[in-house]
Amino acid sequence: MSSILVTGGAGYIGSHVAHELVDDGRQVVILDNLSTGVRENMPDEATFVHGDVGDYELVVRLLAEHDVAAVMHFAGNIVVPESVENPLKYYRNNTAATRELLSACVATGVGQFVFSSTAAVYGMPSAEELPVTEETPTAPINPYGASKLMTEWMLRDVDHAHDFRYVALRYFNVAGADPKGRTGQSTPQATHLIKVCSQTALGMRDELSIFGTDYETRDGTCIRDYIHVTDLARVHILALEALERGEESRVLNCGYGHGYTVREVIDAVKRVSEVDFDVVEAPRRAGDPPELIADSTKLREQFGWQPAHDDLDEIVRTALEWEEQT
Ligand SMILES: NC(=O)c1ccc[n+]([C@@H]2O[C@H](COP(=O)([O-])OP(=O)(O)OC[C@H]3O[C@@H](n4cnc5c(N)ncnc54)[C@H](O)[C@@H]3O)[C@@H](O)[C@H]2O)c1
Ligand SMILES: O=c1ccn([C@@H]2O[C@H](COP(=O)(O)OP(=O)(O)O[C@H]3O[C@H](CO)[C@H](O)[C@H](O)[C@H]3O)[C@@H](O)[C@H]2O)c(=O)[nH]1
C-alpha cells in the first residue's frame with residue numbers, strides 16, 4: 001500500500017490531519033523536526049521520521065522507501081511578528097526548505113501535493129474586497145505571508161514544468177481541537193486568540209489583552225473567520241481525493257464565510273468556561289487587518305465540503321477541553 005507523507009505532522013494542524021488520514025485507513029509517514037511539534041500528538045499508527053523537510057537526501061530516501069504517493073506539507077514557521085524580526089528564518093524554513101521538498105518530489109515522481117497556505121497572502125484587504133475570494137489580489141504585508149506566497153508560486157511553476165498537481169489551501173483562523181481529545185494546539189508560546197483566551201480562563205495567564213478597540217467594526221475590535229481544525233482537516237482529505245481522481249491544481253480559501261470580533265470570542269470563552277477572567281484594552285497590534293473573512297464558495301462547490309463544527313461555542317469548548325487535559 002502506498003503512503004502519504006505528512007510534513008509537520010507533529011504540529012497543531014498536521015497532527016489533526018494525520019489522525020484523520022489514519023481514521024480513513026491510510027498509511028501515514030510523518031516527517032517533523034519537532035521544533036514546535038509534539039511527539040504525543042501524532043497517531044501511534046503513523047511512522048515517524050525525525051528530520052527536516054529541507055534535507056533533500058533524507059526526503060528522497062523517504063519518498064522511495066515508503067512508496068509515497070502524495071505529500072501534505074504543513075511544516076514551517078508561523079509566527080508573524082517573528083517573521084518581521086527574522087525574515088531570513090522564514091524564507092529559509094518556509095520557502096527554501098519547501099524548494100528542497102519539491103525538488104525531491106520531482107526527482108522521485110511524486111506528483112500530488114497539498115500545501116498549507118494562509119490568508120496572510122492577502123495582506124490588508126479593503127472593506128470593498130470582503131469577503132476575500134481566491135481572485136482578490138495577493139499582497140502580503142509581512143515575510144511570513146510572503147514566504148508562503150512564494151511557495152504558491154513555486155507550486156504553480158512546478159505544475160507547469162512537471163507531472164505534478166497540487167492543492168494550495170489558504171487557511172483563515174484555525175482554532176479548536178480534536179473532539180475526541182487526541183490532539184490540539186500545544187505550542188507553549190502560541191499567540192492565537194482562542195488559545196490565549198482559553199489559557200487565561202484556566203488561570204495559566206493573568207489577563208487577556210485586546211489589541212485595538214478603535215477599528216471600524218461593530219464593536220471596535222478585529223473580525224476574523226475562525227474555522228474548526230477538524231473541519232479544516234476534512235478539507236485535506238477531500239483535496240487528496242481530488243488529486244487522486246486526476247483533477248487539476250487549484251488554490252482554495254478555507255473558512256466559514258462569517259466572522260467574530262475579538263470581544264465576541266472573549267464572551268464565548270467566558271460563557272463556555274464560566275470564568276470571568278480579566279481583560280485589558282491594549283493598543284493595536286502592527287499588521288492586523290480590521291476584518292478578514294473568507295469567501296469559501298469554491299471550496300464548497302468544488303469539493304462538496306460541508307462544515308460539521310461551524311459553531312463558535314463548540315470551537316471554544318474543544319479548545320478549552322484540550323487545554324485542561326494538557
Ligand atoms: N495555525 C493557523 O492558524 C494557521 C493559519 C494559516 C496557515 N497555517 C499553516 O499551517 C501549517 C501548520 O501550522 P500549525 O499551526 O500546525 O503550526 P505548528 O507550529 O503547530 O506546526 C508546524 C510543524 O512543523 C514542524 N516543522 C517546522 N519546520 C520544520 C522543518 N523544517 N522540517 C520538519 N518539520 C518542521 C514543527 O515541529 C511542527 O510540528 C503551517 O505551514 C502554517 O503556515 C496555520
Ligand atoms: O492576545 C490576543 C491575541 C490576538 N488578539 C486579536 O485577535 C485577532 C486574531 O489574532 P490571532 O493572532 O489569533 O490570528 P491572526 O488573525 O493574527 O493570524 C492568523 O491568521 C493569519 C492569516 O491571516 C496567519 O495565518 C496566522 O498564522 C494566524 O495566526 C487579531 O485581531 C488580534 O489582534 C488579541 O486581541 N489578543
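Helices here are DSSP runs of H or I with at least four residues, strands are runs of E with at least two, and both are numbered from the N terminus. So when a stop on this tour says β13 or α7, you can count along from that end of the chain. Keep in mind that you're looking at a predicted model.

**Stop 1: a loop to warm up**

Select Ala286. You'll find it in the loop between β13 and β14. Ala286 counts as exposed because its relative accessible area is 76%, and exposed means over 50%. Now add Gly184 to your selection and draw a distance between the two C-alpha atoms. Ala286 and Gly184 are 102 residues apart along the chain, and their C-alpha atoms sit 27 Å from each other.

Stay in that loop and click Asp288, which is also between β13 (278-282) and β14 (291-292). Which residue does Asp288 form a salt bridge with? Show Arg224: the closest N and O atoms of the pair are 3.9 Å apart. Arg224 belongs to strand β9 (residues 223-224), so you've just seen a link between distant parts of the chain, 64 residues apart. Are these two buried or exposed? Asp288 has a relative accessible area of 11%, so it is buried, and Arg224 is buried too, at 9%.

**Stop 2: two domains**

Time to zoom out. Color residues 3-175 plus 225-254 one way for domain 1, and 193-224 plus 257-325 another way for domain 2. Each domain is written as two stretches of the chain, as those ranges show. Their centres, taken over C-alpha atoms, are 24 Å apart.

Next, look at where the two colors meet. On the domain 1 side 30 residues are in contact with domain 2, and 30 residues of domain 2 touch back. About 2,700 Å² is buried between them, with carbon and sulfur atoms giving 66% of that area. Select Asp225, Tyr226 and His228: this trio supplies 27% of the area that domain 1 buries against domain 2, more than any other three residues.

Is there a salt bridge across this boundary? The count between the domains is one. To see a pair in close-up, show Glu135 and Lys298, where the closest N and O atoms are 3.0 Å apart in a salt bridge. Polar contacts add to the picture, with 12 residue pairs between domain 1 and domain 2. Now highlight β7 (173-175), β10 (226-228), α7 (229-244) and β11 (250-254), each of which supplies at least two residues of the domain 1 side that touches domain 2. Which element gives the largest share of that side? It's α7, with six residues. Color that side by residue type and you should find 18 nonpolar, seven polar and five charged residues.

**Stop 3: more salt bridges**

Side chains of opposite charge can pair when their charged atoms come close. In the whole structure there are 22 salt bridges. Select Lys195 and Glu323, whose side chains meet at 3.2 Å, N to O. Lys195 is in helix α6 (residues 193-201) and Glu323 in helix α10 (residues 312-325), so this is another link between distant parts of the chain, 128 residues apart. Both Lys195 and Glu323 are buried.

Then try Lys270 and Asp276, a salt bridge with 2.9 Å from N to O. Lys270 is partly exposed, at 22% relative accessible area, while Asp276 counts as exposed at 64%. For a group, select Asp23, Asp178, Lys180 and Arg182, which are linked in a network of salt bridges.

**Stop 4: odd backbone spots**

Most residues other than glycine have a negative phi, and most peptide bonds are trans. Here are some exceptions to look for.

- Select Leu130 and Pro131: the peptide bond from one to the other is cis, with omega near -10 degrees. Pro131 is in the loop between β5 (112-118) and α5 (143-161).
- Select Leu34, which has a positive phi of about 55 degrees although it isn't a glycine. Leu34 is in the loop between β2 (27-32) and β3 (47-50), and it is partly exposed, with a relative accessible area of 21%.
- Select Glu274, where phi is near 60 degrees, again positive in a residue other than glycine. Glu274 is in the loop between α8 (262-273) and β13, and it is exposed, with a relative accessible area of 73%.

Technical notes
Residues are numbered from 1 along each chain as its sequence is written. Chains are lettered from A and ligands numbered from 1 in the order in which they are written. This is a predicted model: local features need pLDDT of at least 70, side-chain atom pairs count only at pLDDT 80 or more; totals for chains, interfaces and linings use all residues. Side-chain values use heavy atoms; hydrogens and water are left out. Domain bounds come from an automatic or database domain assignment. Contact means heavy atoms within 4.5 Å. Buried area is the accessible area (1.4 Å probe) that two parts lose on being put together, summed over both. A salt bridge is a side-chain nitrogen of Lys or Arg within 4 Å of a carboxyl oxygen of Asp or Glu. A polar contact is a pair of N or O atoms within 3.5 Å; within protein, one must be able to donate a hydrogen and the other to accept it, and residues adjacent in sequence count only if both atoms are side-chain atoms. Ala, Val, Leu, Ile, Met, Phe, Trp, Tyr, Cys and Pro count as nonpolar, Asp, Glu, Lys and Arg as charged, and the others, Gly among them, as polar. Buried means under 20% relative accessible area, exposed over 50%, partly exposed in between (1.4 Å probe, protein chains only).
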